[in-house]
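Open your viewer and keep the selection box handy. This tour goes stop by stop, telling you what to pick and what you will find there.

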Amino acid sequence: LMKATSHSMSSSRSFALLLLAPAAAALSHSRVALSSPRLSSPVASAAQQPQKVVSLTPASAVAFARGEMQLVSVPCDADSDGCLAFCDAEECAVVAPSGVVQRLKVGGYFALWFLLSVGYSITNKRVTNALPCPWSVATATVVVGSLFVNLLWLTGLRRRPRLSAATYRALIPIGTFHAIGHIAGTVGTAAGSVSFAQVVKAAGPVYACVLSAAVLKQAVSLRVWLSLAPIIAGVGLATLKELSFAWAALLGAVASDLALALRNVLSKQSMGALSTSDGDKLAPADMFGLLTCISAAVSVPAALLVEGRALPALWASAAAGYPAGSLGLAGQVAATGLYFYGYSEVAMKALNNVHPVTHAIGNTMRRVVIMLVCMVAFRTPMTPLGACGSALAIGGSYLYATVKQQEKAAEVKAAQAAADADRVSENLEAWSSQPSPSSAEAEATARKLKEALPLEVSP
């Protein structure tokens, strides 16, 4: 176990070197002076503070790969947020400014989000084309995801959340709707084209607004309702002009949107109960992992009930079309599950590192990329009016996200202004309740001011 852990740490350092190589090359000929010898990272102790800063050299990179140096954040200059450097007890070799590394990290998140999303869409469609059992494929996807997250918890790579019985009870209905949404989406994609499913799924904000108003009793402004108009019009136009239209595709995508919107509404309703036994808020990654496990538990009996009898014969027929037989088909199903879990978690990482509007732009572009790639991969035809409807629906989803974020920012600003006004009012009340100073106190204050300031001050 110790050898495996050492090998894993060495591999992670080597992987980090690959990610940082472009930035390191750009700075290899420059010398960055520290404004202070103190390390800003808690990794280095007081006894390990560096005495000097040097340029990055291959020897420093090799030392980091061997574990002889640590990657820490150090002060750089007054105009930056600091730098990342390979440091030991004697010196620090600057790798890159923290801002550059942050941009590289966010760009990596978005690129990985797009790649995993496209990988899932293509692999899932190919599997359902070969194996016409969408309920079973969707169930296998969440089963693979649940096995993956449990592996992370069992190995200690991710800390398992400790939950109370009340939290589990609150998660069960949320996970159930998560399962329904995933199965319905897979059924819709299996019955129609991936591009059409992406267009219909862009209507998710419509269901979110309706359910928020009906269930949560939240007021929806006129601006938000108007921002939904392009989505509705675009989905309607794309549906009418869809050459490969199928009712199962439309109903599956609509049911998926509705179920996922209900999942989000229930999540908001149960926000107070969704916490760990220590009272900490449940992390988004742990939340998604738990929902995946609940989805697997709900989906398995449902898939067996709907497709259990036909699955063995259909599996044997589908496996005959793969060079490796059943093993090759099982590998494709497992890849589908890993793609799905991976892109969902990377999307959360991206959201935590950027503004919500930036994330909405990324999600809009992600749908466009999926549509274009899948249209080429599966040779999906589309009429000009269908393309216009698709663009209108996807663009409308971005408009909706922008309007919602503007309203949220306005609410935060108004709340802050109200809090400031209350604070000023309290201070004024406290000041007015104090007794007026006597004449002697006023004269003493004037003398002190006269001594401190070169001005004539009269009481």
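A crossing of two helices is called left-handed if the near helix is turned anticlockwise from the far one by less than a right angle, and right-handed if it is turned clockwise. You will need that shortly.

**Before you click**

What you have open is a predicted model, in which local features need pLDDT of at least 70 and side-chain atom pairs count only at pLDDT 80 or more, while totals for chains, interfaces and linings use all residues. Residues are numbered from 1 along each chain as its sequence is written, and side-chain values use heavy atoms, with hydrogens and water left out.

**Stop 1: the whole chain**

Show the protein chain as a cartoon: there are 16 helices and 4 strands. Helices (H or I, at least four residues) and strands (E, at least two) are DSSP runs, numbered from the N terminus. Of its 459 residues, 41% count as buried. Buried means under 20% relative accessible area, exposed means over 50%, and partly exposed lies in between (1.4 Å probe, protein chains only). Residues 24 or more positions apart account for 78% of the chain's contacts with a separation of 6 or more, a contact being heavy atoms within 4.5 Å.

Now colour by pLDDT, the predictor's confidence in each residue, from 0 to 100. The mean for the chain is 80, and 81% of residues reach 70 or more. Helix 4 (residues 134–155) has the highest mean among the elements, 96, and helix 1 (residues 2–27) the lowest, 41. Select residues 1–51: pLDDT stays under 50 there, and the model has 67 contacts beyond four places in sequence for this stretch. Where pLDDT is low, the predicted coordinates should not be read in detail.

**Stop 2: helix 5 against helix 10**

Two packed helices are described by the angle between their axes and the distance between the axes. Here, axes are lines fitted to C-alpha atoms, for helices over the stretch in contact, and angles run from 0 to 180 degrees between N-to-C directions.

Select helix 5 (residues 165–191) and helix 10 (residues 247–269), whose axes come within 7 Å and cross at roughly 160 degrees. That makes helix 5 roughly antiparallel to helix 10. The cut-offs are: under 35 degrees roughly parallel, over 145 roughly antiparallel, 65 to 115 roughly perpendicular, and the rest oblique. The crossing of helix 5 and helix 10 is left-handed. Show side chains for the contact: helix 5 brings residues including Pro173, Phe177, Gly181 and Gly188, and helix 10 brings residues including Ala248, Gly252, Leu260 and Arg263. By class, the residues of this contact divide into 14 nonpolar, 7 polar and 1 charged. Nonpolar covers Ala, Val, Leu, Ile, Met, Phe, Trp, Tyr, Cys and Pro; charged covers Asp, Glu, Lys and Arg; the others, Gly among them, are polar.

**Stop 3: helix 3 and its two partners**

Keep helix 5 and add helix 3 (residues 98–130). How do the axes of helix 3 and helix 5 cross? They come within 9 Å, at roughly 70 degrees, and the two helices are therefore roughly perpendicular. This crossing is right-handed. Tyr120, Asn124, Lys125 and Thr128 of helix 3 meet His182, Thr186, Thr189 and Ala190 of helix 5. The contact has 2 nonpolar, 5 polar and 1 charged residues.

Next, swap helix 5 for helix 13 (residues 326–353), which packs with helix 3 at an angle of about 150 degrees, their axes 8 Å apart. Helix 3 and helix 13 are therefore roughly antiparallel, and helix 3 passes helix 13 in a left-handed crossing. The contact residues number 16 nonpolar, 9 polar and 2 charged.

**Stop 4: single residues**

- Thr292 sits in helix 11 (residues 284–307). Is it buried or exposed? Thr292 counts as buried, at 2% relative accessibility. Beyond its neighbours within four places in sequence, Thr292 is in contact with Val142, Gly145, Ser146 and Tyr341.
- Ala316, in helix 12 (residues 311–319), is partly exposed at 47% relative accessibility.
- Arg379 is in the loop between helix 14 (356–377) and helix 15 (384–433). Arg379 is exposed, at 76% relative accessibility, and has a positive phi of about 55 degrees although it is not a glycine.
- Glu68 lies in the loop between helix 2 (58–65) and strand 2 (70–74). Glu68 is exposed, with a relative accessible area of 51%, and touches Ala63 and Asp88, not counting residues up to four places away in sequence.
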